[in-house]
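Please open the model in your viewer and keep the selection tool at hand. We will walk from stop to stop, picking a few residues each time.

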Amino acid sequence: MTTTTTTTTSTTTTTTTRAHRPVIAYVVTITGCGNNDKRYTREQAMGLITQGAAVLRHSIFLAHNTTSSRYDFQMYAFIHPLAKSCASEVFSKLGYTTLIRNIPFEKADIRGAYLREHIDGASCCGAKEYLKLYAYTLVQHPVAVVLDLDSLILQPLDDLFDALLFNQDDDAGEYSSKSTYYPVKQLPIHDTNYHHNNSNDTSNNIHNRPPMKSMISRNVSAFFTRDYNMVNIGMEMYAGVQGGFLMVKPNEEVFSEYIDIILEGDYREGQGWGGKYGYFFGGAQIQGICAYYYGEIHPEMGVELDRCRINSMVDSPYFRIDKVRGSGDSGSGPKCRDGRTNCEDCRTTPLSDILSAHFTLCGKPWLCQYGWLDSNTHNLCSKLHSEWFRIRRSFEESRTDHDSEDFRQLPELVGSFQPETFWGYCKAPGEGGYLPVKI
(Lines give C-alpha, C1' and ligand atoms only; values in the text may rest on other atoms or scores of the structure.)
Protein backbone atom coordinates (compact mmCIF):
# COMPACT_ATOMS: atom_id res chain seq x y z
CA MET A 1 0.00 0.00 0.00
CA THR A 2 1.29 3.44 -0.87
CA THR A 3 0.16 6.64 0.82
CA THR A 4 0.90 10.17 -0.27
CA THR A 5 0.12 13.42 1.46
CA THR A 6 -0.71 16.87 0.18
CA THR A 7 -1.58 19.68 2.55
CA THR A 8 -3.03 22.99 1.40
CA THR A 9 -5.10 25.59 3.17
CA SER A 10 -6.93 28.80 2.42
CA THR A 11 -9.37 31.12 4.13
CA THR A 12 -12.89 31.65 2.80
CA THR A 13 -14.41 33.67 5.61
CA THR A 14 -13.22 36.52 7.75
CA THR A 15 -12.10 35.18 11.16
CA THR A 16 -11.29 36.78 14.46
CA THR A 17 -8.37 35.09 16.18
CA ARG A 18 -8.72 34.51 19.88
CA ALA A 19 -5.43 33.29 21.27
CA HIS A 20 -4.95 30.07 23.17
CA ARG A 21 -8.22 28.42 22.19
CA PRO A 22 -7.89 24.64 21.75
CA VAL A 23 -8.32 23.77 18.07
CA ILE A 24 -10.93 21.15 17.19
CA ALA A 25 -10.41 19.13 14.00
CA TYR A 26 -13.43 18.64 11.75
CA VAL A 27 -13.00 15.80 9.26
CA VAL A 28 -14.72 14.92 6.00
CA THR A 29 -13.76 12.25 3.47
CA ILE A 30 -13.94 12.20 -0.32
CA THR A 31 -13.75 8.72 -1.79
CA GLY A 32 -14.32 9.36 -5.48
CA CYS A 33 -15.33 11.77 -8.22
CA GLY A 34 -18.90 10.60 -8.67
CA ASN A 35 -18.01 8.29 -11.53
CA ASN A 36 -20.32 5.56 -10.22
CA ASP A 37 -23.44 7.75 -10.21
CA LYS A 38 -24.87 7.55 -13.70
CA ARG A 39 -27.30 10.43 -13.03
CA TYR A 40 -24.52 13.01 -13.19
CA THR A 41 -21.37 13.79 -15.08
CA ARG A 42 -18.19 13.84 -13.04
CA GLU A 43 -18.30 17.65 -12.98
CA GLN A 44 -21.94 17.74 -11.89
CA ALA A 45 -21.38 15.21 -9.09
CA MET A 46 -18.40 17.10 -7.66
CA GLY A 47 -20.30 20.36 -8.00
CA LEU A 48 -23.08 19.03 -5.78
CA ILE A 49 -20.59 17.65 -3.23
CA THR A 50 -18.84 21.00 -2.95
CA GLN A 51 -22.16 22.73 -2.17
CA GLY A 52 -22.29 20.72 1.04
CA ALA A 53 -18.59 21.30 1.76
CA ALA A 54 -18.90 25.09 1.50
CA VAL A 55 -21.97 25.41 3.71
CA LEU A 56 -20.78 22.83 6.25
CA ARG A 57 -17.52 24.68 6.80
CA HIS A 58 -19.31 28.00 7.19
CA SER A 59 -21.76 26.52 9.70
CA ILE A 60 -18.76 25.41 11.78
CA PHE A 61 -17.17 28.83 11.39
CA LEU A 62 -20.36 30.46 12.71
CA ALA A 63 -20.57 28.06 15.66
CA HIS A 64 -17.01 28.88 16.69
CA ASN A 65 -16.71 32.57 15.84
CA THR A 66 -20.06 34.29 16.27
CA THR A 67 -20.61 32.91 19.76
CA SER A 68 -18.58 32.78 22.93
CA SER A 69 -17.13 29.40 21.95
CA ARG A 70 -14.08 28.39 23.95
CA TYR A 71 -12.65 26.48 20.98
CA ASP A 72 -11.19 27.22 17.56
CA PHE A 73 -11.45 24.85 14.59
CA GLN A 74 -9.59 23.50 11.58
CA MET A 75 -11.12 21.66 8.63
CA TYR A 76 -9.62 18.50 7.14
CA ALA A 77 -10.53 16.58 3.99
CA PHE A 78 -9.09 13.07 3.71
CA ILE A 79 -9.13 12.41 -0.02
CA HIS A 80 -8.67 9.03 -1.66
CA PRO A 81 -6.05 9.06 -4.47
CA LEU A 82 -8.80 8.35 -7.01
CA ALA A 83 -10.48 11.62 -6.00
CA LYS A 84 -7.36 13.79 -5.88
CA SER A 85 -7.79 15.22 -9.38
CA CYS A 86 -11.36 16.39 -8.76
CA ALA A 87 -11.35 17.25 -5.07
CA SER A 88 -7.96 18.43 -3.81
CA GLU A 89 -7.91 21.88 -5.37
CA VAL A 90 -11.53 22.79 -4.76
CA PHE A 91 -11.49 21.67 -1.10
CA SER A 92 -8.34 23.67 -0.55
CA LYS A 93 -10.09 26.74 -1.96
CA LEU A 94 -12.93 26.16 0.49
CA GLY A 95 -10.59 26.26 3.48
CA TYR A 96 -9.94 22.56 4.08
CA THR A 97 -6.52 21.09 4.78
CA THR A 98 -6.41 18.34 2.17
CA LEU A 99 -4.69 15.06 3.00
CA ILE A 100 -4.37 12.38 0.33
CA ARG A 101 -4.78 8.96 1.92
CA ASN A 102 -5.24 5.45 0.67
CA ILE A 103 -7.24 2.80 2.52
CA PRO A 104 -5.34 2.26 5.82
CA PHE A 105 -4.76 -1.48 5.23
CA GLU A 106 -4.28 -3.96 2.43
CA LYS A 107 -7.51 -5.81 1.70
CA ALA A 108 -5.52 -8.90 0.74
CA ASP A 109 -4.13 -9.05 4.30
CA ILE A 110 -7.57 -9.52 5.90
CA ARG A 111 -7.50 -12.99 7.43
CA GLY A 112 -11.26 -13.52 7.59
CA ALA A 113 -12.34 -14.80 4.18
CA TYR A 114 -15.89 -13.43 4.28
CA LEU A 115 -14.81 -9.88 5.14
CA ARG A 116 -11.93 -10.01 2.67
CA GLU A 117 -14.35 -10.91 -0.11
CA HIS A 118 -17.22 -8.60 0.89
CA ILE A 119 -15.63 -5.49 2.39
CA ASP A 120 -16.54 -3.47 -0.70
CA GLY A 121 -20.19 -4.53 -0.67
CA ALA A 122 -23.43 -3.25 0.89
CA SER A 123 -22.28 0.33 1.45
CA CYS A 124 -21.86 3.61 -0.37
CA CYS A 125 -18.08 3.50 -0.68
CA GLY A 126 -16.81 0.05 0.30
CA ALA A 127 -13.45 -0.15 2.03
CA LYS A 128 -12.84 3.53 1.23
CA GLU A 129 -15.26 4.33 4.07
CA TYR A 130 -12.35 3.50 6.36
CA LEU A 131 -10.71 6.80 5.45
CA LYS A 132 -12.75 8.12 8.39
CA LEU A 133 -10.45 6.23 10.77
CA TYR A 134 -7.68 8.69 9.95
CA ALA A 135 -9.44 11.14 12.28
CA TYR A 136 -7.86 9.14 15.12
CA THR A 137 -4.41 10.07 13.81
CA LEU A 138 -4.89 13.85 14.19
CA VAL A 139 -3.17 13.79 17.57
CA GLN A 140 -2.14 17.44 17.29
CA HIS A 141 -5.79 18.23 18.09
CA PRO A 142 -7.55 17.42 21.37
CA VAL A 143 -10.78 16.36 19.62
CA ALA A 144 -11.70 15.36 16.07
CA VAL A 145 -15.26 15.40 14.72
CA VAL A 146 -16.04 13.24 11.68
CA LEU A 147 -18.95 14.54 9.60
CA ASP A 148 -20.57 13.75 6.27
CA LEU A 149 -20.72 16.55 3.73
CA ASP A 150 -24.52 16.69 3.93
CA SER A 151 -24.32 17.74 7.59
CA LEU A 152 -24.82 21.09 9.27
CA ILE A 153 -23.68 22.46 12.64
CA LEU A 154 -26.36 24.66 14.17
CA GLN A 155 -24.98 25.39 17.63
CA PRO A 156 -21.60 25.24 19.41
CA LEU A 157 -20.59 21.79 20.64
CA ASP A 158 -18.47 23.15 23.50
CA ASP A 159 -20.20 21.13 26.22
CA LEU A 160 -19.30 17.92 24.42
CA PHE A 161 -15.69 19.04 23.95
CA ASP A 162 -15.53 19.94 27.65
CA ALA A 163 -16.83 16.51 28.63
CA LEU A 164 -14.13 14.74 26.61
CA LEU A 165 -11.35 16.98 27.88
CA PHE A 166 -12.29 17.61 31.50
CA ASN A 167 -9.53 15.39 32.88
CA GLN A 168 -6.71 17.34 31.22
CA ASP A 169 -4.73 19.25 33.81
CA ASP A 170 -4.06 22.31 31.65
CA ASP A 171 -7.66 23.36 31.11
CA ALA A 172 -9.77 21.29 33.43
CA GLY A 173 -11.06 23.99 35.73
CA GLU A 174 -13.09 22.58 38.57
CA TYR A 175 -13.17 19.16 36.86
CA SER A 176 -9.51 18.40 37.42
CA SER A 177 -7.68 15.11 37.14
CA LYS A 178 -8.67 14.40 40.74
CA SER A 179 -12.22 13.85 39.55
CA THR A 180 -13.38 10.53 38.12
CA TYR A 181 -16.68 11.67 36.63
CA TYR A 182 -17.87 14.67 34.65
CA PRO A 183 -21.32 16.18 35.38
CA VAL A 184 -23.65 15.59 32.45
CA LYS A 185 -25.61 18.83 32.99
CA GLN A 186 -27.36 19.46 29.68
CA LEU A 187 -25.34 17.05 27.53
CA PRO A 188 -27.53 15.42 24.86
CA ILE A 189 -27.11 11.84 26.11
CA HIS A 190 -29.24 9.17 24.46
CA ASP A 191 -30.42 7.36 27.58
CA THR A 192 -29.78 9.13 30.87
CA ASN A 193 -31.10 6.17 32.85
CA TYR A 194 -28.34 3.89 31.58
CA HIS A 195 -25.32 3.70 33.88
CA HIS A 196 -22.06 3.37 31.99
CA ASN A 197 -20.22 0.51 33.67
CA ASN A 198 -16.61 1.57 33.67
CA SER A 199 -14.73 -1.70 34.08
CA ASN A 200 -11.39 0.12 34.40
CA ASP A 201 -12.47 2.15 37.43
CA THR A 202 -11.43 0.36 40.59
CA SER A 203 -11.65 3.38 42.91
CA ASN A 204 -15.23 2.60 43.94
CA ASN A 205 -17.54 -0.33 43.65
CA ILE A 206 -20.52 -0.02 41.37
CA HIS A 207 -22.86 0.84 44.23
CA ASN A 208 -20.84 3.97 45.05
CA ARG A 209 -20.66 5.31 41.49
CA PRO A 210 -22.92 8.19 40.49
CA PRO A 211 -25.73 7.42 38.03
CA MET A 212 -25.20 8.07 34.34
CA LYS A 213 -27.94 10.71 34.38
CA SER A 214 -25.64 12.96 36.43
CA MET A 215 -22.08 11.92 35.55
CA ILE A 216 -19.83 10.60 32.75
CA SER A 217 -16.68 8.57 33.35
CA ARG A 218 -13.36 10.27 32.60
CA ASN A 219 -12.38 7.24 30.48
CA VAL A 220 -14.90 8.23 27.81
CA SER A 221 -13.09 9.26 24.63
CA ALA A 222 -15.85 9.15 22.00
CA PHE A 223 -19.38 10.38 21.38
CA PHE A 224 -21.60 9.01 18.63
CA THR A 225 -25.19 8.43 17.57
CA ARG A 226 -26.73 5.17 16.38
CA ASP A 227 -28.79 4.41 13.30
CA TYR A 228 -31.71 2.32 14.51
CA ASN A 229 -33.28 2.42 11.05
CA MET A 230 -30.86 -0.30 9.95
CA VAL A 231 -31.81 -3.03 12.44
CA ASN A 232 -34.76 -5.33 13.00
CA ILE A 233 -36.78 -5.81 16.18
CA GLY A 234 -34.70 -7.50 18.87
CA MET A 235 -31.37 -6.25 17.51
CA GLU A 236 -31.53 -2.74 19.00
CA MET A 237 -28.50 -3.15 21.25
CA TYR A 238 -26.37 -4.03 18.20
CA ALA A 239 -27.46 -1.07 16.09
CA GLY A 240 -24.73 0.57 14.05
CA VAL A 241 -23.01 3.84 14.81
CA GLN A 242 -24.37 6.42 12.37
CA GLY A 243 -21.45 7.11 10.04
CA GLY A 244 -22.21 10.81 9.60
CA PHE A 245 -21.12 11.85 13.10
CA LEU A 246 -18.29 10.63 15.30
CA MET A 247 -16.51 12.76 17.92
CA VAL A 248 -13.27 11.27 19.27
CA LYS A 249 -10.10 12.07 21.13
CA PRO A 250 -7.40 11.24 18.53
CA ASN A 251 -5.18 8.36 19.56
CA GLU A 252 -2.70 6.45 17.39
CA GLU A 253 -3.10 3.33 19.54
CA VAL A 254 -6.85 3.30 18.96
CA PHE A 255 -6.25 3.73 15.22
CA SER A 256 -3.87 0.76 15.25
CA GLU A 257 -6.34 -1.33 17.23
CA TYR A 258 -9.02 -0.70 14.62
CA ILE A 259 -6.64 -1.84 11.88
CA ASP A 260 -5.83 -5.00 13.85
CA ILE A 261 -9.56 -5.75 14.19
CA ILE A 262 -10.09 -5.29 10.46
CA LEU A 263 -7.14 -7.48 9.54
CA GLU A 264 -8.32 -10.19 11.95
CA GLY A 265 -11.53 -10.10 9.94
CA ASP A 266 -14.00 -11.53 12.44
CA TYR A 267 -16.99 -10.35 10.42
CA ARG A 268 -19.34 -13.30 10.06
CA GLU A 269 -21.83 -13.93 7.31
CA GLY A 270 -25.36 -13.25 8.53
CA GLN A 271 -24.10 -12.00 11.92
CA GLY A 272 -21.53 -9.21 11.60
CA TRP A 273 -18.53 -8.24 13.75
CA GLY A 274 -17.93 -10.75 16.53
CA GLY A 275 -21.14 -12.46 15.43
CA LYS A 276 -23.26 -9.55 16.71
CA TYR A 277 -22.61 -6.12 15.20
CA GLY A 278 -23.01 -4.90 11.70
CA TYR A 279 -25.02 -7.23 9.51
CA PHE A 280 -26.75 -4.31 7.79
CA PHE A 281 -25.99 -1.71 5.13
CA GLY A 282 -22.56 -0.26 5.92
CA GLY A 283 -21.97 -2.85 8.63
CA ALA A 284 -18.73 -4.16 7.17
CA GLN A 285 -17.39 -0.62 7.27
CA ILE A 286 -17.52 2.28 9.75
CA GLN A 287 -21.10 1.88 10.98
CA GLY A 288 -20.53 -1.70 12.04
CA ILE A 289 -16.96 -1.64 13.30
CA CYS A 290 -17.49 1.44 15.49
CA ALA A 291 -20.56 -0.18 17.05
CA TYR A 292 -18.45 -3.28 17.72
CA TYR A 293 -15.53 -1.27 19.10
CA TYR A 294 -17.59 0.85 21.51
CA GLY A 295 -20.20 -1.79 22.25
CA GLU A 296 -18.04 -4.90 22.70
CA ILE A 297 -14.32 -4.16 22.75
CA HIS A 298 -14.24 -0.90 24.73
CA PRO A 299 -17.70 -0.05 26.11
CA GLU A 300 -16.06 2.14 28.74
CA MET A 301 -14.78 4.52 26.04
CA GLY A 302 -17.91 5.52 24.15
CA VAL A 303 -21.20 7.26 24.96
CA GLU A 304 -24.23 7.36 22.69
CA LEU A 305 -25.78 10.78 22.16
CA ASP A 306 -29.39 11.75 21.58
CA ARG A 307 -29.95 11.42 17.84
CA CYS A 308 -32.84 13.90 18.01
CA ARG A 309 -30.37 16.65 18.94
CA ILE A 310 -27.04 15.54 17.50
CA ASN A 311 -26.77 14.34 13.90
CA SER A 312 -30.54 14.69 13.60
CA MET A 313 -31.95 12.84 10.61
CA VAL A 314 -35.58 13.54 11.58
CA ASP A 315 -36.33 9.82 11.63
CA SER A 316 -39.39 8.14 13.08
CA PRO A 317 -38.66 6.43 16.41
CA TYR A 318 -41.05 3.56 15.74
CA PHE A 319 -40.95 0.35 13.77
CA ARG A 320 -43.56 0.03 11.06
CA ILE A 321 -46.75 -1.61 12.31
CA ASP A 322 -46.41 -4.52 9.88
CA LYS A 323 -42.93 -5.30 11.22
CA VAL A 324 -44.18 -5.23 14.81
CA ARG A 325 -47.01 -7.62 13.98
CA GLY A 326 -44.61 -9.99 12.30
CA SER A 327 -42.27 -10.02 15.28
CA GLY A 328 -44.53 -11.94 17.62
CA ASP A 329 -44.79 -8.91 19.90
CA SER A 330 -48.18 -9.03 21.58
CA GLY A 331 -47.94 -5.50 22.96
CA SER A 332 -50.21 -2.78 21.71
CA GLY A 333 -49.16 0.54 20.24
CA PRO A 334 -46.00 1.55 18.42
CA LYS A 335 -42.70 -0.09 19.31
CA CYS A 336 -39.59 2.04 19.74
CA ARG A 337 -36.73 1.26 17.36
CA ASP A 338 -34.12 1.76 20.09
CA GLY A 339 -35.67 -0.81 22.43
CA ARG A 340 -36.89 1.64 25.05
CA THR A 341 -40.44 1.63 26.33
CA ASN A 342 -40.82 5.35 25.64
CA CYS A 343 -38.88 7.23 22.98
CA GLU A 344 -38.82 10.78 21.72
CA ASP A 345 -40.11 11.43 18.23
CA CYS A 346 -37.22 13.18 16.46
CA ARG A 347 -39.68 14.53 13.89
CA THR A 348 -41.19 16.84 16.52
CA THR A 349 -37.99 18.05 18.23
CA PRO A 350 -37.92 21.87 18.38
CA LEU A 351 -35.42 23.36 15.95
CA SER A 352 -33.87 25.33 18.80
CA ASP A 353 -32.91 22.06 20.54
CA ILE A 354 -30.98 20.63 17.57
CA LEU A 355 -27.19 21.04 17.66
CA SER A 356 -26.39 19.39 14.33
CA ALA A 357 -28.34 17.92 11.43
CA HIS A 358 -27.65 15.28 8.79
CA PHE A 359 -29.63 15.48 5.56
CA THR A 360 -30.35 11.82 4.87
CA LEU A 361 -34.08 11.22 5.21
CA CYS A 362 -34.85 14.92 4.63
CA GLY A 363 -32.97 14.91 1.33
CA LYS A 364 -30.02 17.07 0.35
CA PRO A 365 -30.87 20.79 0.39
CA TRP A 366 -29.40 21.25 -3.09
CA LEU A 367 -31.90 18.76 -4.51
CA CYS A 368 -34.76 21.22 -3.90
CA GLN A 369 -37.17 18.50 -2.76
CA TYR A 370 -40.44 19.53 -1.18
CA GLY A 371 -43.71 17.92 -0.12
CA TRP A 372 -42.69 14.29 -0.56
CA LEU A 373 -42.46 13.36 3.15
CA ASP A 374 -45.13 12.74 5.78
CA SER A 375 -46.32 15.89 7.56
CA ASN A 376 -44.32 15.39 10.76
CA THR A 377 -41.08 14.78 8.89
CA HIS A 378 -41.77 17.49 6.32
CA ASN A 379 -42.28 20.25 8.88
CA LEU A 380 -38.93 19.84 10.61
CA CYS A 381 -37.05 18.99 7.40
CA SER A 382 -38.29 22.24 5.87
CA LYS A 383 -37.00 24.18 8.85
CA LEU A 384 -33.61 22.47 8.62
CA HIS A 385 -33.45 23.09 4.86
CA SER A 386 -34.20 26.73 5.54
CA GLU A 387 -31.32 26.85 8.05
CA TRP A 388 -28.97 25.38 5.45
CA PHE A 389 -29.91 28.08 2.93
CA ARG A 390 -29.67 30.79 5.58
CA ILE A 391 -26.11 29.70 6.33
CA ARG A 392 -25.35 29.48 2.62
CA ARG A 393 -26.40 33.12 2.26
CA SER A 394 -24.17 34.06 5.18
CA PHE A 395 -21.27 32.29 3.46
CA GLU A 396 -21.81 34.22 0.25
CA GLU A 397 -22.02 37.51 2.13
CA SER A 398 -18.79 36.92 4.05
CA ARG A 399 -16.53 35.11 1.58
CA THR A 400 -13.14 36.65 0.81
CA ASP A 401 -11.57 33.82 -1.18
CA HIS A 402 -11.76 35.48 -4.61
CA ASP A 403 -10.81 38.87 -6.01
CA SER A 404 -13.14 38.47 -8.94
CA GLU A 405 -16.14 40.79 -9.00
CA ASP A 406 -18.16 37.80 -10.19
CA PHE A 407 -17.66 36.13 -6.80
CA ARG A 408 -18.03 39.27 -4.69
CA GLN A 409 -21.42 40.02 -6.21
CA LEU A 410 -24.20 38.27 -4.30
CA PRO A 411 -26.48 36.11 -6.43
CA GLU A 412 -30.01 37.34 -6.91
CA LEU A 413 -32.59 35.33 -5.01
CA VAL A 414 -34.78 34.68 -8.02
CA GLY A 415 -35.86 31.09 -7.40
CA SER A 416 -39.64 31.01 -7.10
CA PHE A 417 -39.97 27.40 -5.86
CA GLN A 418 -40.90 27.42 -2.15
CA PRO A 419 -38.83 30.54 -1.36
CA GLU A 420 -39.84 30.46 2.32
CA THR A 421 -37.82 27.23 2.60
CA PHE A 422 -35.18 27.56 -0.12
CA TRP A 423 -34.53 31.31 0.19
CA GLY A 424 -34.83 31.89 -3.56
CA TYR A 425 -32.11 29.37 -4.48
CA CYS A 426 -34.51 26.87 -6.09
CA LYS A 427 -36.24 27.64 -9.38
CA ALA A 428 -37.98 24.26 -9.58
CA PRO A 429 -38.01 20.91 -7.75
CA GLY A 430 -35.00 18.69 -8.32
CA GLU A 431 -31.30 19.43 -8.64
CA GLY A 432 -31.92 20.96 -12.05
CA GLY A 433 -33.75 23.80 -10.36
CA TYR A 434 -30.98 24.57 -7.87
CA LEU A 435 -28.86 27.73 -8.17
CA PRO A 436 -25.40 26.58 -7.04
CA VAL A 437 -22.77 28.34 -4.97
CA LYS A 438 -19.95 29.57 -7.19
CA ILE A 439 -16.72 27.85 -6.19
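Start by selecting residues 267-268 and 272-273: these are β10 and β11, two antiparallel strands joined by two bridges. Within this pairing, Arg268 faces Gly272 of β11. Keep in mind throughout that you are looking at a predicted model.

Now add residues 277-278, which make up β12. You have an open sheet of three strands in the order β10-β11-β12, with antiparallel pairing. Both β10 and β12 are edge strands with a single partner each, so one side of each has no neighbour in the sheet.

**Disulfides**

Next, show the cysteine side chains. How many disulfides are there? The count comes to five. Numbering the bonded cysteines along the chain, the pattern reads 1-2, 3-6, 4-5, 7-9, 8-10.

Select Cys33 and Cys86, whose sulfur atoms lie 2.0 Å apart in a disulfide. The torsion about the S-S bond is -90°, a left-handed link. Cys33 sits in the loop between β1 (23-30) and α1 (42-65), while Cys86 belongs to helix α2 (residues 84-93), so the bond ties together parts 53 residues apart in sequence. Are these two cysteines buried or exposed? Cys33 and Cys86 are both buried.

Move on to Cys336 and Cys343, joined by a disulfide with an S to S distance of 2.1 Å. Here the torsion is about -90°, so this disulfide is left-handed. Cys336 is buried at 3% relative accessible area, and Cys343 is buried at 15%.

Then pick Cys368 and Cys426, a disulfide with its sulfur atoms 2.0 Å apart. This link is left-handed too, with -80° about the S-S bond. Cys368 lies in the loop between β14 (356-358) and α8 (375-398), and Cys426 in the segment after α10 (419-422), so the pair connects parts that are 58 residues apart in sequence. Both Cys368 and Cys426 are buried.

While cysteines are on screen, look at two more. Cys124 is exposed, with 58% relative accessible area, whereas Cys290 is buried at 0%.

**Salt bridges**

Switch the display to charged side chains; there are 23 salt bridges to explore. Select Asp162 and Arg70, which meet at 2.4 Å, N to O. Asp162 is in helix α4 (residues 158-165) and Arg70 in the loop between α1 and β2 (72-79), so this contact ties together parts 92 residues apart in sequence. Colour the pair by accessibility: Asp162 is buried at 17%, but Arg70 is partly exposed at 42%.

Go on to Glu304 and Arg226, a salt bridge whose closest N and O atoms are 3.3 Å apart. Glu304 belongs to strand β13 (residues 302-304) and Arg226 to strand β8 (residues 222-227), so the two parts they tie together are 78 residues apart in sequence. Glu304 counts as buried at 14% relative accessibility, and Arg226 counts as buried at 10%.

For a pair within one helix, select Arg390 and Glu387, which form a salt bridge at 2.8 Å, N to O. Where do they sit in helix α8? They are three residues apart there, which puts about one helical turn between them. Arg390 is partly exposed at 31%, while Glu387 is buried at 18%.

As a last stop, select Asp306, Arg309, Glu344 and Asp353 together: salt bridges with shared partners join these residues into one network.

Technical notes. Residues numbered from 1 in each chain as written. Predicted model: local features only at pLDDT ≥ 70, side-chain atom pairs only at ≥ 80, totals over all residues. Heavy atoms only, no water. Pairing = 2+ DSSP bridges. Helix = DSSP H or I, 4+ residues; strand = E, 2+ residues; numbered from the N terminus. Disulfide = S-S within 2.5 Å. Buried < 20%, exposed > 50% of the residue type's maximum accessible area, 1.4 Å probe, protein only. Salt bridge = Lys/Arg side-chain N within 4 Å of Asp/Glu carboxyl O.
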